[in-house]
Amino acid sequence: MTLFFAVRMALFTLYWANPAHREQPLAGWMTLHYVAHSWHVPPETVITAARVPRPPDGGRPPHPRTLEEIARAQGISLDQLIARLQKAIAAAQARQPPQK
């Protein structure tokens, strides 16, 4: 078990250390948590901007939906959802102190 989690952690670290995975242009296949991680903003920022209701217990939804699925469920275009998320990400980053 220890080896499994060590390998998993190493792969996760290597994946996100690659600059190609940071600040990726938003796309329909992404989940909200992927967007938050890629753009270094709190998950709550993108969840709120996407207007996705939280489960009654306050946890994560049982199935992480893609941006495409969220837009379809809300009856809006993917471009409208992406614009909303980009605006929230820009506002969140403007509030964050500069990284050294």
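Reader: Which elements do the buried residues of α3 pack against?
Author: In this predicted model, the buried residues of α3 pack against α2, α4 and α5, where buried means under 20% relative accessible area, exposed over 50% and partly exposed in between, with a 1.4 Å probe and protein chains only. Contact here means heavy atoms within 4.5 Å, and helices are DSSP runs of H or I with at least four residues, numbered from the N terminus.

Reader: And which residues in α3 are buried?
Author: They are T45, V46, I47, A49 and A50, while R51, just after α3, takes a positive phi of about 60°.

Reader: Which residues have the most contacts inside the largest nonpolar core?
Author: Within that core of 22 residues, they are L26, L32, V35, V46, L67 and L85; a nonpolar core is a set of buried Ala, Val, Leu, Ile, Met, Phe, Trp, Tyr and Cys residues joined through side-chain atoms within 4.5 Å.

Reader: Which element gives the most to this core?
Author: α5 does, with six residues.

Reader: What does L26 touch, not counting residues up to four places away in sequence?
Author: L26 touches V35, W39, L67, I82, L85, Q86 and I89 on that count.

Reader: Switching topic, is F5 buried or partly exposed?
Author: F5, which sits in helix α1 (residues 2-17), counts as partly exposed because its relative accessibility is 42%.

Reader: Any caveats on the numbers?
Author: Residues are numbered from 1 along each chain as its sequence is written, and side-chain values use heavy atoms, leaving out hydrogens and water. Local features need pLDDT of at least 70 and side-chain atom pairs count only at pLDDT 80 or more, whereas totals for chains, interfaces and linings use all residues.

Note on methods:
Helix = DSSP H or I, 4+ residues; strand = E, 2+ residues; numbered from the N terminus.
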